[in-house]
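Biologist: I would like to learn how to read contacts, burial and helix crossings in a structure. Please take me through some cases.

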Amino acid sequence: SLKGKTALVTGSTSGIGLGIARSLAAEGANIVFNGFGDRQEIQALQTAVENEFDVKTAYHNADMSKAAEIEAMMNFASTTFGGVDILVNNAGIQHVANIEDFPVEKWDAIIAINLTSSFHTTRLALPSMKQKNWGRIINLASVHGLVASAQKSAYVAAKHGLVGFTKTTALETADTGITCNAICPGWVLTPLVQKQVDDRAAKEGVDNDTAKKRLLAEKQPSGEFVTPEQLGALAVFFCSEAGNQIRGVAWNMDGGWVAQ
Ligand code: NAD
């Protein structure tokens with residue numbers, strides 16, 4: 001059980017982050033939500049999690065591309081819950097374009113949100129984890145932290161970087177009760193991927209279902225999406241005692257994508 005622990009999940013107002021937050025709450029962890037969205041809808045998410053799992057929740061709207069806002073969020077987690085025991089670095093964005101057409105500000109934003117934000121949250125979470133000699137850091141990388149796809153240069157660079165950062169974090173905490181690992185999902189049907197399905201449907205003149213099938217067929221041998229609930233269960237496993245010696249791995253859950 002994770003009762004009495006506090007989990008901060010960046011980008012948890014949607015998709016995978018929300019799924020992982022719900023799975024950790026189901027084990028009894030209090031949750032600090034973060035991410036963009038309508039404040040009332042986020043409040044409704046919080047209330048649902050509080051009532052369903054009998055835990056406390058809080059929310060901070062820090063923009064993961066801004067170091068000062070990340071620092072404010074980590075201070076907020078400390079004053080609200082006495083620190084972060086489980087840090088899930090999940091916030092991320094995507095942009096698809098050839099390198100020579102890739103907007104410079106998109107490159108900078110992807111590196112900041114998908115990579116550098118994890119450095120900031122981690123450096124600010126470690127002191128209190130070290131004090132308690134317990135902690136879990138889970139970085140949402142991607143199969144694109146292990147292999148590349150065309151037109152995703154910034155994303156692939158950031159996710160490979162995040163896998164590297166995960167390994168260094170694991171080494172620096174190897175003789176403590178803190179573990180750090182990366183999760184590398186294949187296709188998960190979230191708003192981030194639905195946008196790529198929509199683009200494909202428009203470009204190829206097919207309906208939503210056909211576009212989804214084509215997207216999966218190209219990369220994911222199972223032909224099925226990974227779900228946020230399945231990823232949540234893996235995060236819970238990393239947090240369990242059975243996970244004490246899982247350190248510095250990049251664990252793919254990808255319907256066979258990277259086995260090819
Ligand atoms: P999503 O778009 O559904 O959710 C992204 C979340 O991040 C949202 O809560 C959003 O508000 C938040 N966010 C975006 N920019 C932010 C910022 N600057 N500051 C704070 N929060 C911000 O996307 P998702 O598919 O759930 O992706 C979550 C993570 O999983 C990302 O790191 C993504 O790269 C990774 N991932 C997704 C897939 C997939 O197939 N969906 C596959 C592999 C990895």
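Modeller: Let's begin with contacts: two residues are in contact if their C-beta atoms, placed from the backbone, lie within 7 Å. Arg200 is in contact with Ala211, Arg214 and Leu215, leaving aside its neighbours within four places in sequence. This is a predicted model, where local features need pLDDT of at least 70 and side-chain atom pairs count only at pLDDT 80 or more, while totals for chains, interfaces and linings use all residues. Residues are numbered from 1 along each chain as its sequence is written.

Biologist: Where is Arg200 found?

Modeller: Helices (H or I, at least four residues) and strands (E, at least two) are DSSP runs, numbered from the N terminus. Arg200 is found in helix H6, residues 191-204.

Biologist: Does burial have cut-offs too? As what does Arg200 count?

Modeller: A residue is buried if 20 or more other C-beta atoms lie within 10 Å of its own, exposed if 12 or fewer, and partly exposed in between. Arg200 has 17 C-beta neighbours inside 10 Å, so it counts as partly exposed. From C-alpha to C-alpha, Arg200 is 35 Å in space from Ala67, and the two are 133 residues apart in sequence.

Biologist: Which helix holds Ala67?

Modeller: Ala67 is found in helix H3. Ala67 is partly exposed, with 16 other C-beta atoms within 10 Å. Thr121 is 54 residues from Ala67 in sequence and 8.9 Å from it in space, C-alpha to C-alpha.

Biologist: At what angle do the axes of H3 and H4 cross?

Modeller: Axes are lines fitted to C-alpha atoms, for helices over the stretch in contact, and angles run from 0 to 180 degrees between N-to-C directions. The axes of H3 (residues 67-81) and H4 come within 10 Å and cross at roughly 30 degrees. That makes H3 roughly parallel to H4; angles under 35 degrees count as roughly parallel, over 145 as roughly antiparallel, 65 to 115 as roughly perpendicular and the rest as oblique. Ala67, Ile70, Glu71, Met74 and Ser78 of H3 make the contact with Ser117, His120, Thr121, Leu124, Ala125 and Ser128 of H4.

Biologist: Is Ile113, also in H4, buried or exposed?

Modeller: Ile113 is buried, with 20 other C-beta atoms within 10 Å. Beyond four places in sequence, Ile113 touches Met64, Ser65, Ala91, Gly92 and Ile93. The C-alpha atoms of Ile113 and Met64 are separated by 5.3 Å, although the residues are 49 apart along the chain.

Biologist: Let's try another helix pair. How do the axes of H1 and H8 cross?

Modeller: The axes of H1 (residues 15-26) and H8 (residues 228-239) come within 8 Å and cross at roughly 50 degrees. H1 and H8 are therefore oblique to each other. Residues meeting here include Gly15, Ile16 and Leu18 in H1 and Pro228, Glu229 and Leu231 in H8.

Biologist: And how many residues are in the largest nonpolar core?

Modeller: In soluble globular proteins, nonpolar side chains tend to be buried together. A nonpolar core is a set of buried Ala, Val, Leu, Ile, Met, Phe, Trp, Tyr and Cys residues joined through C-beta atoms within 7 Å. The largest one here has 62 residues, and Ala21 and Ala235 are among those with the most contacts inside it. Ala21 touches Ala7, Val9, Ser12, Ile31, Phe33 and Val49, not counting residues up to four places away in sequence.
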